[in-house]
Amino acid sequence: MDTFEIILALAERFGLMVGVVFLLMTITPVQRMDFSRVESRWRTVLVMLLFGTFGILGTYTGNSVFQSVANLRAMVVITGGLFGGPVVGIGAGLIAGAHRIATDLHGFSAWPCGIATALEGLAAGMVCLWLRERAMNWRIAAGLAVLGETVHMLLLLLLARPFADAVELVRLIAPPMLLVNSVGAALFVEVINIFSRDRERRESLHAQLILDIANLTVSYLRSGLSRATAEATAEIIHQRVGVGAVAITDTRNVLAHVGEGGDHHLPGHEIRTDATRRVLETGEAVFLHTAREIGCNHAACPMTSGIIVPLHKDGGVVGTLKFYGSATRPLNNTLFEVAKGLGNLFSTQLELEDIQVKEQMLAHAEIRRLQSQINPHFLFNSLNTITSFCRTNAERARELLMDLSLYMRRNLDLSRGFIPLSEELEQVRSYLAIEQARFGERIKVDMDIADGCLAWPIPPLIIQPLVENSIRHGVLAQERGGTVRVSAARRDDCLEVTISDNGVGMDPETVARVLSRECADSLHDGIGMRNCLSRLEQIYGPQYSPEVTSAPGQGTSIRLRIPEKA
């Protein structure tokens with residue numbers, strides 16, 4: 001057999017090996033291996049055995065030439081070293097090399113070939129250690145194969161005896177092995193890169209699908225697991241995931257079932273399937289491949305497969321998410337991973353329900369504390385002002401008493417939750433009426449409320465304390481007084497409220513101090529600015545944090561953005 005015939009034979013065997021590799025990588029256990037990295041010890045050993053086995057296959061697919069074998073081991077062990085590092089490289093090289101020696105122990109080329117294979121694997125592993133992710137490159141693989149097979153030929157000349165036979169062997173096999181192993185190593189690396197990119201693409205699509213569903217369902221599940229929230233969630237999943245049916249249960253009953261089998265998997269009824277009961281007991285996700293495994297006792301149930309994942313909360317199982325497959329919509333491992341991802345996200349959302357409830361309780365507790373925090377100085381000064389008007393203007397005194405009564409009643413009404421903007425503005429007007437009676441022309445007020453804003457729900461005691469702050473620390477700090485302006489308008493699905501004044505203003509350091517902690521002013525001069533601003537963050541989230549702008553001598557402006565629903 002001449003050199004050209006050897007090249008053709010090795011190329012043919014290489015095609016066979018590539019086909020075997022592709023076939024092997026379509027098997028589910030191999031697909032589950034992450035071909036983008038080798039992390040754990042057991043996976044390192046598994047990858048080492050895998051490439052070592054491929055290396056043995058490279059020997060068996062070789063051609064017998066002059067009492068030796070023209071083979072494809074190099075391309076396999078080099079790829080293994082580049083992929084898995086020194087441990088995988090030397091391990092695969094030793095496995096394939098030891099097999100080469102063992103199968104031809106007394107052959108004149110067995111030891112040089114075995115040693116060369118181990119060295120090729122080690123060299124590739126060291127390159128991986130040096131280049132890391134960049135090592136899986138077809139150019140590097142081809143270069144290492146050329147270098148490794150050159151060393152292989154030199155070892156044959158140095159160690160194989162008789163020397164004349166070694167020279168003849170090298171003359172015949174060097175060109176084919178250099179060519180085919182270098183091309184083969186490059187293609188083998190690209191095969192693994194293709195599978196890695198395909199896996200990353202599929203994982204990206206899975207993640208995108210899961211996040212899209214989670215984004216659409218978060219507004220429901222954050223309110224807890226109930227029939228209403230489960231029905232809405234199941235409907236969203238069924239619309240976006242191609243399964244026969246989607247169901248959600250608690251620990252006893254079916255909360256929602258959307259899709260096939262809805263005639264007997266009825267919401268509000270007890271769980272019918274044995275598999276669901278087992279998942280509730282064990283807390284482990286399962287993939288059921290047959291109707292018998294599902295365990296539905298209805299004779300005409302269309303379900304042929306099922307995926308059941310537990311929903312956790314506070315360390316226990318509180319329900320399940322279920323995908324059902326039918327004859328026309330079968331399930332697969334991809335959907336199993338999607339279901340598990342959704343189950344984890346839904347469990348997190350259910351955990352956040354308790355946090356949300358606690359935050360709401362804290363926010364309402366803060367409201368109650370602020371509502372009960374009536375400034376005695378304001379009360380006494382108001383009464384003194386009303387008393388002075390009793391002598392000179394009884395009608396004006398009566399109006400002020402009504403304003404003070406309204407102001408006090410709303411401050412002390414601890415039962416209120418969210419109130420319309422109109423009610424808060426009435427509170428502001430009552431406060432301003434009393435302060436303007438005391439300070440006269442030093443306090444001017446301008447209100448600009450756009451149409452359609454008065455019914456907007458807002459937390460109580462949000463605007464009035466900021467108006468009070470503007471008057472006491474901005475306007476009245478000037479001898480001539482000033483103007484407070486309150487405006488409200490709808491913008492981008494939010495109510496935008498601005499409280500501004502042309503008072504003394506604040507320097508940047510003072511603004512930062514006010515926003516960073518609760519001001520001491522809240523203890524003796526009314527409710528502090530920071531109290532009001534932090535409540536908005538607690539209720540609506542940090543994205544609705546108020547904006548404060550101020551400059552000495554130019555006044556202060558506070559802009560609030562309030563969504564329609566908390």
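**Entry 1. The loop between H7 and H8**

I looked up Pro162 and found it in the loop between helix H7 (138-159) and helix H8 (163-221). The model is predicted, and I read every entry below with that in mind. I then turned to the peptide bond that leads into Pro162 from Arg161, which is cis, with omega near 10 degrees.

From the loop I went back into helix H7, where Arg139 lies. I asked whether Arg139 is buried or exposed. Arg139 has a relative accessible area of 55% and is therefore exposed, the cut-off being over 50%. I also noted its separation from Leu187: the two C-alpha atoms are 9.9 Å apart, with these positions 48 residues apart along the chain.

**Entry 2. The loop between H6 and H7**

I next examined Arg132, which belongs to the loop between H6 and H7. Arg132 is not a glycine, yet its phi is positive, at about 55 degrees. Its relative accessible area is 57%, so I recorded Arg132 as exposed.

**Entry 3. Helices H5 and H6**

I looked up how helix H5 (residues 86-103) and helix H6 (residues 110-131) are placed against each other. Their axes come within 7 Å and cross at roughly 170 degrees. Because of that angle, H5 counts as roughly antiparallel to H6.

I then listed the residues that meet. On the H5 side they include Gly89, Gly93, Gly97 and Arg100. On the H6 side they include Trp111, Gly114, Gly121, Gly125 and Met126. I asked how many residues of this contact are nonpolar, polar and charged. The division is 12 nonpolar, seven polar and one charged.

**Entry 4. Strand E7 and its partners**

I moved on to strand E7 (residues 316-325), of which seven of the 10 residues are buried. I recorded E7 as mostly covered.

I asked which strands E7 pairs with. Strand E3 (residues 245-249) pairs with E7 in the antiparallel sense, over five bridges. Within that pairing, Ala247 has Lys322 of E7 as its bridge partner. Strand E6 (residues 305-313) is also antiparallel to E7, and here the pairing runs over nine bridges. In this second pairing I found His312 bridged to Val317 of E7.

E6 and E7 form a hairpin with two residues between the strands. I checked the turn and noted that Asp314 takes a positive phi near 55 degrees.

**Entry 5. The five-stranded sheet**

I traced an open sheet of five strands in the order E9-E11-E12-E14-E13, with mixed pairing. I asked why one side of E9 and of E13 has no neighbour in the sheet. Strand E9 (443-449) and strand E13 (547-551) stand at the edges and have a single partner strand each, so one side of each is left free of a neighbour. From one strand to the next, the twist averages 10 degrees.

I looked more closely at one pair in this sheet. Strand E12 (residues 494-501) and strand E14 (residues 555-563) are paired in the antiparallel sense over eight bridges. Val497 has Leu560 in E14 as its bridge partner.

I also examined the loop between E11 and E12, where Asp492 lies. Phi of Asp492 is positive, near 55 degrees, in a residue other than glycine. Asp492 is exposed, with a relative accessible area of 72%.

**Entry 6. Helices on the sheet**

I looked up which helices lie on this sheet. Helix H15 (residues 421-439) lies across E9, strand E11 (482-491) and E12, and runs at about 165 degrees to E9. Helix H16 (residues 464-475) packs on the sheet as well, touching E9, E11, E12 and E14. The direction of H16 makes about 150 degrees with that of E11.

I then asked how many residues of H16 are buried. The count is 10 of the 12, so I recorded H16 as largely enclosed by the rest of the structure. Among the buried residues are Leu466, Val467, Glu468, Asn469 and Ile471.

**Entry 7. The chain as a whole**

I closed with the totals for the chain. Its secondary structure comes to 18 helices and 14 strands. The chain has 566 residues, and 49% of them count as buried. Of the contacts between residues at least 6 apart in sequence, 69% join residues at least 24 apart. The accessible surface comes to about 26,800 Å², and 57% of that surface belongs to carbon and sulfur atoms.

Key. Residues are numbered from 1 along each chain as its sequence is written. This is a predicted model: local features need pLDDT of at least 70, side-chain atom pairs count only at pLDDT 80 or more; totals for chains, interfaces and linings use all residues. Side-chain values use heavy atoms; hydrogens and water are left out. Two strands pair if DSSP finds at least two bridges between them. Helices (H or I, at least four residues) and strands (E, at least two) are DSSP runs, numbered from the N terminus. Axes are lines fitted to C-alpha atoms, for helices over the stretch in contact, and angles run from 0 to 180 degrees between N-to-C directions. Contact means heavy atoms within 4.5 Å. Buried means under 20% relative accessible area, exposed over 50%, partly exposed in between (1.4 Å probe, protein chains only). Accessible areas come from the Shrake-Rupley method with a 1.4 Å probe; for residues, only the protein chains shown count as cover. Angles under 35 degrees count as roughly parallel, over 145 as roughly antiparallel, 65 to 115 as roughly perpendicular and the rest as oblique. Ala, Val, Leu, Ile, Met, Phe, Trp, Tyr, Cys and Pro count as nonpolar, Asp, Glu, Lys and Arg as charged, and the others, Gly among them, as polar.
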